[in-house]
Amino acid sequence: MVRMETFKGIAVSPGLAIGQVFVLDDVRTRIPRRSIPLNAIEHEKHRFADALSGAKGELIELSAQAAERLGSESAKIFDFHQLMLRDRSLTLPIEGRIERDRVTAEYAVQEQFRTLADMFRGMDNETFRTKVDDVWDLERRLLKHLIGEHRSALDRLDRPAIVIARDLTPTQTASFQGKPVKGFATDLGGLTSHTAIFARALQIPAVVGLDGFSDIAEDGDPVILDGERGVLILRPDEHTLESYREAIEIARRVAVSLASLAELPAQTTDGTRVLLMGNIEFADEMQVVIDQGGDGVGLFRTEFLWLTSDHEPTEEEQYQHYTRCLSLSRGREVTFRTFDLGADKYTQERAEDPERNPFLGCRSIRYCLQNVPMFKRQLRAILRASAHGRSRIMFPLITDDLELRQARIICKDVMEDLEEEGIPFDASVPIGIMVETPAAALMAGSYAGEVSFFSIGTNDLIQYTLAVDRTNEKVQNLYSAAHPAVLKLVKDVIRAGRRHNIPVSLCGEVAGDTHYTLLLMGLGLRTLSVTPSRLPFLKRIVRSVDIQTCERLARTACSFESERQVTAYLRDQARKIIPEAFDGRSVEAGPGTR
Ligand code: PEP
Ligand code: MG
């Protein structure tokens with residue numbers, strides 16, 4: 001019997017799951033060596049033969065297209081690739097590896113192409129050396145056929161499983177919807193990456209930053225995924241399994257007791273009302289927000305409609321989607337954030353051509369302002385939908401007053417077009433911005449006169465203030481909302497909002513972390529927008545404190561000069577002031593807690 005092993009990563013989505021491993025390999029990453037049984041050799045050789053003929057078929061087509069559009073010279077490259085694939089001195093060793101080493105077809109392909117690339121690279125002749133790129137190109141083409149097949153196995157996944165991958169894009173994570181995925185774990189990733197955010201929306205546990213784990217896990221291995229402590233236990237023994245079964249039962253009972261709060265308002269013991277809103281990615285999640293006792297949607301990440309599609313959603317598709325959300329909202333307010341694409345949210349088309357430093361690149365409002373017709377299509381869809389329910393429009397990543405002005409002018413143009421066409425919309429729809437760059441936070445006083453509301457996006461604000469990539473597991477220990485610099489910016493934005501009499505909310509992940517709730521309320525925030533599954537936990541806290549206690553706590557927290565002091569103080573105070581909120585395993589975890 002192989003022994004139980006425990007791995008520690010970063011907990012990014014709470015919950016516990018017991019299940020079997022399903023490894024999702026990625027075409028862009030190194031394929032781990034996986035042994036296959038003797039009777040699977042023929043199957044693997046067939047898979048290789050199928051991939052070979054699929055790739056050859058593609059190359060014939062590409063060659064014909066290139067000849068037609070670009071001339072016969074350009075077509076030669078694909079003819080050369082075809083020749084290589086026909087060369088038995090390339091294909092025979094691959095079959096040999098499958099047979100002799102008993103490895104998967106994709107591993108054999110990878111290893112043989114590496115050998116070939118090394119050979120070309122070592123040649124004296126410059127012409128041969130330049131062939132290395134062709135080798136990688138062909139390798140990718142073959143792997144796409146082989147691993148594409150494995151990926152589509154996810155579609156056929158008919159038994160509950162825990163997905164293990166080196167990394168997952170938000171789009172891949174979104175494709176888990178409706179599949180029996182009980183949770184996932186990845187080698188890479190950070191707390192506020194959009195993949196992690198999506199896991200919370202799906203309400204499945206997730207652990208990231210498990211350096212190298214995907215190379216060790218094998219399909220079908222029994223595993224426990226602990227999204228509370230960021231732990232993954234491979235091949236657990238019976239005693240461990242039993243204690244996790246018990247913990248799952250306790251968490252279920254806590255959830256039932258919290259559900260009774262859904263109908264009650266989020267109001268402090270001294271009568272201060274706090275609006276608890278949901279962050280959603282898809283229209284249907286509006287129902288989850290209502291079921292969890294939310295007051296509306298503070299952040300609709302509209303870009304997910306596009307990320308889960310192979311084309312830009314048409315104006316009509318968007319309009320239907322947004323209208324559906326508003327009709328489900330039954331009078332609650334919905335804040336539509338315009339497309340926040342780029343950084344770790346590339347559309348399939350843009351993924352082909354990544355930027356060097358995408359978090360500092362053409363993302364978000366910058367991308368929209370460079371693609372005005374696309375931006376206008378979205379604004380038309382949102383505005384048309386605004387005729388059907390309480391809507392707000394929010395621009396992300398505003399860094400400069402010119403961006404805000406341009407976005408507003410484009411929005412005004414779209415309103416005029418709709419008016420001329422006699423299409424109904426809410427002409428007084430509030431227009432606001434996300435404050436998620438230090439520039440916007442520092443200039444909040446000046447922007448406040450031009451917008452109807454602010455929403456503080458701490459996920460990005462933290463990464464840009466502290467220069468810490470929110471998706472990089474190697475620097476997650478440096479990523480913290482408790483850094484005094486971050487607190488100072490948040491405080492300044494709240495103050496600017498108050499001075500100009502515009503509402504300020506906070507929709508970063510820290511809003512869902514119960515260690516921060518008292519601080520955020522004490523700083524003056526009266527609207528928090530969080531992953532819907534966190535709503536009951538927050539409501540329980542809001543209903544058990546008075547606002548003076550929160551203000552006292554905020555004053556002390558803001559007097560510290562180091563992140564460590566603030567973190568220790570918040571933990572200590574949360575347990576002292578609201579011990580009942582930290583008495584169950586699943587209650588304690590919060591997405592912003594280090
Ligand atoms: C944020 O940056 O805090 C935010 C809420 O937006 P997103 O996580 O989608 O970047
Ligand atoms: Mg953001």
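**Exercise 1.** Determine how helix 10 (residues 238-259) and helix 23 (residues 535-542) pack, and which residues make the contact.

*Solution.* Step 1: the two helices pack at an angle of about 60°, with axes 10 Å apart. Helices here are DSSP runs (H or I, at least four residues), as strands are (E, at least two), numbered from the N terminus. Axes are lines fitted to C-alpha atoms, for helices over the stretch in contact, and angles run from 0 to 180 degrees between N-to-C directions.

Step 2: this angle makes helix 10 oblique to helix 23; under 35 degrees counts as roughly parallel, over 145 as roughly antiparallel, 65 to 115 as roughly perpendicular, and the rest as oblique.

Step 3: the crossing is left-handed, that is, the near helix is turned anticlockwise from the far one by less than a right angle, whereas clockwise gives right-handed.

Step 4: Val254, Ser257 and Leu258 of helix 10 meet Pro536, Phe537 and Arg540 of helix 23, contact meaning heavy atoms within 4.5 Å. By class there are four nonpolar residues, one polar and one charged; Ala, Val, Leu, Ile, Met, Phe, Trp, Tyr, Cys and Pro count as nonpolar, Asp, Glu, Lys and Arg as charged, and the others, Gly among them, as polar.

*Conventions.* The model is predicted, so local features need pLDDT of at least 70 and side-chain atom pairs count only at pLDDT 80 or more, while totals for chains, interfaces and linings use all residues. Residues are numbered from 1 along each chain as its sequence is written, chains are lettered from A and ligands numbered from 1 in the order in which they are written, and side-chain values use heavy atoms, with hydrogens and water left out.

**Exercise 2.** Analyse the packing of helix 24 (residues 547-557) against helix 25 (residues 563-577).

*Solution.* Step 1: the angle is about 160° and the axes lie 10 Å apart. Helix 24 is therefore roughly antiparallel to helix 25.

Step 2: their crossing is right-handed.

Step 3: helix 24 contributes Thr549, Leu553, Thr556 and Ala557, and helix 25 contributes Val566, Tyr569, Leu570, Gln573 and Ile577. Six of these contact residues are nonpolar, three are polar and none is charged.

**Exercise 3.** Assess the overall dimensions of the protein.

*Solution.* Step 1: the secondary structure comprises 26 helices and 16 strands.

Step 2: the radius of gyration, taken over C-alpha atoms, is 26 Å, close to the 25 Å that the globule rule gives for 594 residues, so the protein is as compact as a globular protein of that length. The rule is 2.2 Å times the number of residues to the power 0.38.

Step 3: along its principal axes the C-alpha trace spans about 80 × 70 × 45 Å.
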